[in-house]
Amino acid sequence: RLGDMVRSAAVMVGIEAMAAAQGMEFDRSLKSSPLIGAQFAAIRERVAFTPELLVDALQQLCKATGSREAAILSTCNRSELYLEQETLDSDEVLRWLADFHRLSLVELRDCAYVHADESAVQHMMRVASGLDSMVLGEPQILGQMKSAFAVAREAGTIGPLLGRLFQ
């Protein structure tokens, strides 16, 4: 079972423009209160990754956080980091994300969410199928996930775990 394979291994950290409106549950250790859409969208725009920065960002992310594998999904509605780590260290990942985009860690923590293990896999499947999109079943997201996988493979940051998840 795929869920058994990722136990204590996969982590996903993200910022999503519509998460609050869709009733997404947040890790309370990273979030102090629900977000207002406008504030949330403003942060989401600031953590976007342009295509020309992705390969370098992925390599930096792995090096700075000790992640063995990484992929970044960056769309108009979300930026999510899919990682494989020995031990989950979401603070270190958020610190890297804040530094990379020159944001305050506190500001970023207020709108971040983290999924680990089976929850990360479930979230990824909801995203890929369009169930977690602003428009239910929106078909573009699958192509965007395929693109995130291709860029991570180009960067050399995809291994057996994320490779299997993305395929």
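## A guided tour, starting from helix H6

Select aspartate 117 to begin, a residue that is found in helix H6, where helices (H or I, at least four residues) and strands (E, at least two) are DSSP runs numbered from the N terminus. What you have open is a predicted model, in which local features need pLDDT of at least 70 and side-chain atom pairs count only at pLDDT 80 or more, while totals for chains, interfaces and linings use all residues. Residues are numbered from 1 along each chain as its sequence is written, and side-chain values use heavy atoms, with hydrogens and water left out.

**Helix H6 and its surroundings**

Aspartate 117 has a positive phi of about 55 degrees although it is not a glycine, and with a relative accessible area of 24% it is partly exposed; here buried means under 20% relative accessible area, exposed means over 50%, and partly exposed lies in between, with a 1.4 Å probe and protein chains only. Now extend the selection to residues 117-128, the whole of H6, whose 12 residues reach 17 Å from the first C-alpha to the last, close to the 16 Å expected at 1.5 Å a residue (the expected span being 1.5 Å times one less than the number of residues). Colour Ala120, Val121, His123, Met124, Val127 and Ala128, which are the buried residues to look for in H6. Seen down the helix axis, the buried residues of H6 fall within an arc of 165 degrees, so they line one face of the helix; the arc is that of the directions from the helix axis to the C-beta atoms. After H6 comes glycine 130, with a positive phi near 85 degrees.

Step back to histidine 115, which is found in strand S4 (residues 113-116) and is buried, with a relative accessible area of 13%. Show its side chain together with that of serine 119, because a polar contact of 2.8 Å joins the two side chains. A polar contact is a pair of N or O atoms within 3.5 Å; within protein, one must be able to donate a hydrogen and the other to accept it, and residues adjacent in sequence count only if both atoms are side-chain atoms.

**The hairpin of S2 and S3**

Next, select residues 69-74 and 78-84, the strands S2 and S3. The two strands pair in the antiparallel sense over six bridges, pairing being assigned if DSSP finds at least two bridges between them, and a hairpin joins S2 to S3 through three residues. To follow the register, find leucine 73 opposite glutamate 80 in S3, and serine 74 opposite serine 79.

How many of the residues of strand S3 are buried? Seven of the seven are, so S3 is largely enclosed by the rest of the structure. In a regular strand the side chains alternate between the two faces of the sheet. Both faces of S3 are covered, with Arg78, Glu80, Tyr82 and Glu84 buried on one side and Ser79, Leu81 and Leu83 buried on the other. S2 is mostly covered, five of its six residues being buried.

**Aromatic rings**

Move on to phenylalanine 49 and tryptophan 96, both of which are buried. Rings of Phe, Tyr and Trp (its six-membered ring) pair if their centres lie within 6.5 Å, and planes under 30 degrees apart count as stacked, over 60 as edge-to-face and the rest as tilted. By this rule the count comes to five aromatic pairs. The rings of phenylalanine 49 and tryptophan 96 have centres 6.2 Å apart and planes at 10 degrees, so this pair is stacked. Phenylalanine 49 lies in the loop between helix H2 (37-46) and helix H3 (51-65) and tryptophan 96 in helix H4 (residues 90-100), so the pair ties together parts that are 47 residues apart in sequence. Add Phe100 to the selection, since Phe49, Trp96 and Phe100 form one aromatic cluster.

**A loop residue and two cysteines**

Arginine 102 lies in the loop between H4 and helix H5 (105-109); its phi is near 55 degrees, a positive value in a residue other than glycine, and it is exposed, with a relative accessible area of 76%.

Finally, select cysteine 62, which counts as buried at 13% relative accessibility, and cysteine 76, which is exposed with a relative accessible area of 63%. A search of the whole structure finds zero disulfides, a disulfide being a pair of cysteine sulfur atoms within 2.5 Å.

**The whole chain**

Zoom out to the full chain, which has eight helices and four strands and of whose 167 residues 49% count as buried.
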